[in-house]
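Work through the following exercises with the sequence and the 3D structure open beside you, and try each task before reading its solution.

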Amino acid sequence: MTDVGQAVSAAFRDEWPRVLAAVARSTGDLDLAEDCAQEAFAVALRTWERDGVPDRPGAWLTTTARNRALDRLRRRAVEAQKTATAARLAYRAGGVPGAEAGAAEPDPVGDTAVRTLDHAGWAAVGPEEPDGDLLRLVFTCCHPALPLEGRVALTLRSLTGMTTAQVARAFLVPETTMAQRLTRTKRKIHATGISFRVPPAELLHERVSAVLAVLYVLFTQGYDGWSEPADDAGGTAARRALGDDAVRAARLVARLLPDEPEATGLLALLLLQYSRREARLDLDGVPVVLDEQDRSLWREDEIAEGLAVLDDALANHRPGPYQVQAAIAALHARAATADDTDWAEITALYDVLLDMTRSPVVALNRAVAVGRLRGSEAGLIVLDEVAAAPELATYHLLPAVRADLLLRAGRPEEAAAEYRRALAQVDREGDRKLLRRRLAELSASLPAEL
Amino acid sequence: MRYLMLVLSTPDAPAEPGDVPRIEDWVRDTYDTGRAVLGDRLRPPADAVGVQVRAGEVIVTDGPFSETKEVVAGFDVLDAPDLDEAIRIAAAHPMAYTGALELRPFWPLGLDDGVPTEA
């Protein structure tokens, strides 16, 4: 790659979301902003070669993209004027107004263009306010009125500049499906009147939670890729890379929302979980549960950062679910061996987390912790209380956890039956392999008639 | 932007909804600021009248068309600069605490556009 090519790539990586966000604020139109930001990078490739790389590539790109947007909007406004004039002439000539081609479109492009040209954003474009713009971008992409899948995909695309094809690959769906998902999401932003802004104070708290939830879904998509066998022709690599993207996004959001300890807590949680990624599969491509992981594969630097970030969050004394989950992850990270794990503290934290979330999945994890702390029979009793939750009815980890507890309690026949039940429900290749192995090991140790 | 806000009563009203705002306050805050332009309570579904034309005949039926658990108990037409403002207004309505509100953005037909007013 040429020097200029490298400079543009670097600018793309570092500046894409800022350029996009700045233009989106000016136009109030994310779709248009996306097109114009892309064009600006294409223009950079051509002109930086000739004129040299500017001192402030980001500012150069933003100005270029913004000018493109303004050009387009002016053109659209002129077109709209022409259409309106034509409609008036047709009416005077006795024709039916709006009967000509294109009139079926209920929100004619010109209307949008005129509105967008009037958008207050143009007036407000003065001093650079990149952080504010980024925050607006994130809140817009994560608006809870949008379908969750669309929010996650759009956030990823907006923050990384990934193409639709790349996003599709990371989510393991066909490109046409992803293109549709993104288009529908952007259309809904427009149709429902979602503004490119930070939500009003009354809604801010819930909206921050919504943003963090999207980032966590994004992270999970990537992190789960690390416990799936890496054999689907490169798709796994694309999916795993989402973990990096999610950590980067969480870092950004934590910086943008310094008064929200949960944002910092989420970053800590992601860092601490992600530090274990290399230990999540064995050489046969079978997932390794936390207890059995080779702790020397955990990233010490990331753990250290995660612990420091968590301390920052907790110093606010405003705990929330992400901080508590991060605190649990921190206890695992601090234990030199699985046997050194502080199960008493972990169980106490799960009590707090369950109180905050009332989530059956949290209750399931709590049963595991109780099993370690007070013995497997105690864990089984807690598990029975959880098992009735309809959300867990088809969740393979419910019988899998019960099987582990039964095995530890010295009840292998019952454990084998639960492993079989889990196998019938599992929908992830990695977990299926793990369950098969557990069952095979167990069957080998049981008397032949079983 | 305009939104039709459907005020729904739902079967699963919470037993202790907490501090529910007063409807009088909501109406004052919303209508006095021009954030709503029209709205009212509606008679119950039993008083609904269905009208259809089939094969050139007007068919009038008793009751609502869709038997849903939620009942449209009223409506307001909001005029808000954006969705978040409409959500803020909806979230301040007493029925948000005991029932549900549904915001439906207008999808203007634009029938009035491009038609000159002069003869």
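Two exercises follow, one on a helix and one on a sheet.

This is a predicted model, in which local features need pLDDT of at least 70 and side-chain atom pairs count only at pLDDT 80 or more, while totals for chains, interfaces and linings use all residues. Residues are numbered from 1 along each chain as its sequence is written, chains are lettered from A and ligands numbered from 1 in the order in which they are written, and side-chain values use heavy atoms, with hydrogens and water left out.

**Exercise 1.** Find where the buried residues of H9(A) lie around its axis.

Solution. Begin with the helix itself (helices are DSSP runs of H or I with at least four residues, strands runs of E with at least two, numbered from the N terminus): H9 of chain A covers residues 175-192. Next, list its buried residues (under 20% relative accessible area; exposed is over 50%, partly exposed in between, with a 1.4 Å probe and protein chains only), among them Met178(A), Leu182(A) and Ile189(A). Seen down the axis, the buried residues fall within an arc of 150° (taken from the directions from the helix axis to the C-beta atoms), so they line one face of H9(A). Finally, the face turned away from that side carries the exposed Thr176(A), Arg184(A) and Arg187(A).

**Exercise 2.** Determine which strands of chain B form the edges of the open sheet.

Solution. First, write down the order of the four strands, E2-E5-E1-E6, which have antiparallel pairing (two strands pair if DSSP finds at least two bridges between them). Then look for strands that pair on one side only, which are E2 (36-41) and E6 (100-105) of chain B. To check one pairing, note that E1(B) and E6(B) are joined over six bridges, and that Leu4(B) has Arg104(B) as its bridge partner in E6(B).

Technical notes:
The expected span of a helix is 1.5 Å times one less than its number of residues.
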